[in-house]
Protein chains: 2
Amino acid sequence: MERTPFVAAANVSERLAQPPALAISTVIFALRPSEKSGRPTLWLPLVRRIREPFKGLWALPGGPLTQADSLQDAAARDLQDTTGLAPSYLEQLYAFGGLHRSPSQRVVSIVYWALVQPTEAELAQESENVGWFRADGLQELAFDHNEIVDYALWRLRNKMEYGSIAYHLLGEKFTLAQVREVYEAVLNRTMDPANFRRQLKQTALIEPTDEFQQGGKHRPPRLYRYTGMDSGTNDAGPSGHPPSRLSSPG
Amino acid sequence: MERTPFVAAANVSERLAQPPALAISTVIFALRPSEKSGRPTLWLPLVRRIREPFKGLWALPGGPLTQADSLQDAAARDLQDTTGLAPSYLEQLYAFGGLHRSPSQRVVSIVYWALVQPTEAELAQESENVGWFRADGLQELAFDHNEIVDYALWRLRNKMEYGSIAYHLLGEKFTLAQVREVYEAVLNRTMDPANFRRQLKQTALIEPTDEFQQGGKHRPPRLYRYTGMDSGTNDAGPSGHPPSRLSSPG
DNA sequence: TCAGTTTTAGTCATAATGACTCTAACTAAA
DNA sequence: TTTAGTTAGAGTCATTATGACTAAAACTGA
């Protein structure tokens with residue numbers, strides 16, 4: 001994002017005369033095993049800037065608003081181009097329009113946030129200029145992107161307290177323990193397995209399958225399926241989700 | 001908002017070549033007594049369009065993004081200019097960027113929503129081209145503004161379920177019954193007075209004053225004061241409010 | 001066969017909720 | 001002065017949700 005657009009402003013008066021540039025950026029979250037514990041933790045892909053400003057620093061994927069796309073489509077397209085990812089969940093986060101976000105021309109960024117499933121996240125090409133980072137304790141990023149990531153994290157944790165969002169970080173079938181691990185990774189605290197299971201089965205939109213996950217060195221857990229029929233890549237803006245409360249157990 | 005900016009596009013290819021125009025609009029809510037029952041209900045001010053497109057139709061107040069202002073400041077300034085209002089609460093709602101929101105050039109609107117207190121709302125100048133309308137059952141508005149108002153209503157009702165937002169529609173001192181009336185007006189259903197009072201006093205950030213409201217034909221109710229110290233015109237975006245639950249009683 | 005693990009069901013005390021009753025305190029009409 | 005009408009405000013009670021906890025079930029690996 002924030003590629004220097006059209007003209008480089010030579011001075012303040014020229015800068016004020018230009019209309020602000022419009023950019024789209026996306027914060028993408030996925031679960032990956034922690035290096036130490038192996039437990040799932042939150043990660044996000046970043047791209048390295050190859051030109052000024054902030055050349056060499058890592059930044060959120062994005063770019064100028066493509067004329068022919070809606071905002072949502074532009075976000076999805078940028079995601080595909082820069083990281084190869086197709087998100088299972090994509091929602092507008094916020095429009096950032098401070099006066100001095102970019103040193104050259106003024107840039108208004110409309111930021112989306114996305115969740116991708118582990119199978120998709122594996123496909124994401126890593127390279128010299130595209131890498132995955134743990135969502136907490138990020139290094140210094142370009143522009144105001146640290147602030148943006150923090151806000152996206154806050155929103156993710158917030159949405160978590162209602163139902164339905166956790167499943168976009170998982171595959172089609174999952175165990176109840178996996179759902180709990182998503183909550184624990186996002187909210188950064190442990191939860192009582194028994195109580196969590198009780199609440200999930202009461203309120204959440206899931207149904208049991210007759211399959212069980214094999215391979216563990218313990219009793220095989222039943223696999224469940226999400227029945228929320230969330231249209232995936234849909235916006236929670238207009239036509240958004242009415243919240244169905246799920247409070248945190250144990 | 002959506003004043004035809006800079007150049008009027010002559011054809012599709014020219015239109016696609018131009019960068020999208022940026023506009024700011026605001027949905028403003030205030031309580032006003034219903035014509036029939038006299039009970040408080042939700043109203044919002046609209047301005048009549050005096051030029052094409054949609055000349056003659058009512059629309060949300062707004063305008064192009066002023067260069068020297070942040071997004072939030074631009075919203076507050078437009079509010080002041082078009083309706084004379086200074087909101088006690090102002091928050092970003094959503095960025096609307098569909099391809100064909102405006103028939104001439106493509107316009108991306110960053111929409112804010114605001115709450116004003118009754119004393120302020122009275123000051124709002126009404127005129128031939130500025131009027132107040134009930135928030136539900138609106139007539140056809142210019143552009144996609146019906147959709148925007150509906151979404152703002154959804155967000156207002158949503159925020160209502162956490163605490164702290166209702167008081168921005170009231171004055172400095174208020175009775176508990178008035179708070180309940182705000183909830184009833186916004187959520188559009190009645191609530192049990194006794195249970196509502198109990199919950200408010202448990203969780204909400206209010207303190208009793210030693211004053212009582214006189215003039216009713218019944219026992220005078222105690223006046224309360226909000227102690228949330230919400231910095232009023234602050235954003236709930238980045239640096240936003242962590243939600244403190246208040247569920248609906250009765 | 002046994003120890004170790006996680007799944008899964010269940011118990012129990014406490015807190016929150018919704019429906020309801022009753023008294024207090026005022027006004028207005030009789 | 002009394003009485004009816006109104007809302008304020010406190011309190012009761014059954015039901016439900018929550019958090020902490022116990023324990024059996026079902027697998028693996030030694």
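Here's a walk through this model, from its two protein copies to one of its DNA strands.

A word on conventions: this is a predicted model, in which local features need pLDDT of at least 70 and side-chain atom pairs count only at pLDDT 80 or more, while totals for chains, interfaces and linings use all residues. Residues are numbered from 1 along each chain as its sequence is written, with chains lettered from A and ligands numbered from 1 in the order in which they are written.

Let's start with the pair of chains. Two copies of a chain are related by a rotation about an axis and a shift along it. Here, a turn of 179 degrees and a shift of 0.0 Å along the axis lay chain B on chain A with an RMSD of 0.1 Å (a least-squares fit on the C-alpha atoms of residues with pLDDT of at least 70 in both). The two copies are thus related as by a two-fold rotation axis.

Now look at where they meet. Chain B and chain A each put 24 residues into the contact, with two residues counted as touching if their C-beta atoms, placed from the backbone, lie within 7 Å. On chain B's side, strand 5 (89-96), strand 6 (107-115) and helix 4 (145-160) are the elements giving two or more residues; helices (H or I, at least four residues) and strands (E, at least two) are DSSP runs, numbered from the N terminus. Helix 4 of chain B has the largest share, four residues. By class, chain B's side has 16 nonpolar, seven polar and one charged residues (nonpolar: Ala, Val, Leu, Ile, Met, Phe, Trp, Tyr, Cys and Pro; charged: Asp, Glu, Lys and Arg; polar: the others, Gly among them). Since 96% of the interface residues of chain B are also interface residues in chain A, the copies meet through the same surface.

On to DNA strand D. There are 22 residues around this strand, and A:Arg219, B:Ala177, B:Ala194, B:His218 and B:Arg222 come nearest; a residue counts as near if its C-beta atom, placed from the backbone, lies within 6 Å of the strand. Both chains take part: helix 6 (193-203) of chain A, plus helix 5 (176-187) and helix 6 (193-203) of chain B, each supply at least two residues of the surface near strand D. Helix 6 of chain A gives the most, three residues. Sorted by class, the surface near strand D has eight nonpolar, eight polar and six charged residues.
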